[in-house]
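Hi,

Here is the structure I promised to pass on. Have a look at it first, then read my notes below.

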Amino acid sequence: MDQTWLKTTLERFKNEQDPVRKFLKETKLFEEALANQEFEKTDLLIRKELGGILTTFKESFRKLEEGFVQKAQIQNIGKTNSAITLLDRIIMKVTSAGYGLNGLGTGVKATSAEIEKVLNHDFSMLEKVESLQKEILETLPTAFASNPEAAIESVNKLLLDFETQFEARNSIFLKS
């Protein structure tokens, strides 16, 4: 995906004007609540895409495990469990990520600049997950055949690096 997709999606959500939204935007009470909704909707689409790509990794690990069962490689069965557990945690973080302390009673509201930075950060994570996908899916089966422990350790390190990069979005909301 490139930046043009991001811009066109943002514009589409900005121009979305059904009668209810139009009415709510004109009332003072809801004006602020709907102010940055286009960024949040676009970010949600991006995070759903990230979650979908990450879920394909789980399927690859399952197929690898099936291969062990078919080849009666009992010593390798279950070795991908740590990667699958880590992947589940990352998918949960990506799909349920929020916008700082952006809730009722917190007294802190994310600014439009912060939400736009988060959107750009999450969009950049799409590029990172695509390179991660190539690295894991293309090298895992051959690396696992020669040294399963090292292969899973390498995959876990790549996933942890991705998780750390994704969590960097939280620093955007730190108020100084």
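How much area does the protein expose, and what percentage of it do carbon and sulfur atoms supply? The exposed area is about 10,500 Å², and carbon and sulfur atoms supply 57% of it (Shrake-Rupley method with a 1.4 Å probe; for residues, only the protein chains shown count as cover).

Before you dig in: this is a predicted model, where local features need pLDDT of at least 70 and side-chain atom pairs count only at pLDDT 80 or more, while totals for chains, interfaces and linings use all residues. Residues are numbered from 1 along each chain as its sequence is written, and side-chain values use heavy atoms, with hydrogens and water left out.

On the overall fold, you'll find seven helices and zero strands (DSSP runs, H or I of at least four residues for helices and E of at least two for strands, numbered from the N terminus). Of the 176 residues, 35% count as buried (under 20% relative accessible area, 1.4 Å probe, protein chains only).

Now scroll to helix α6, which covers residues 112–146. There is a bend of about 50° at leucine 140 (the angle between axes fitted to the seven residues ending there and the seven starting there), and proline 141 follows within four residues.

Histidine 121 sits in α6 too, and is buried because its relative accessible area is 16%. A polar atom of its side chain lies 2.9 Å from the backbone oxygen of glutamine 165. Leaving aside neighbours within four places in sequence, histidine 121 also has contacts (heavy atoms within 4.5 Å) including Phe166 and Ile172.

Cheers

Terms used. Expected span 1.5 Å × (residues − 1). Buried < 20%, exposed > 50% of the residue type's maximum accessible area, 1.4 Å probe, protein only. Polar contact = N/O pair within 3.5 Å; in protein donor to acceptor, adjacent residues only side chain to side chain.
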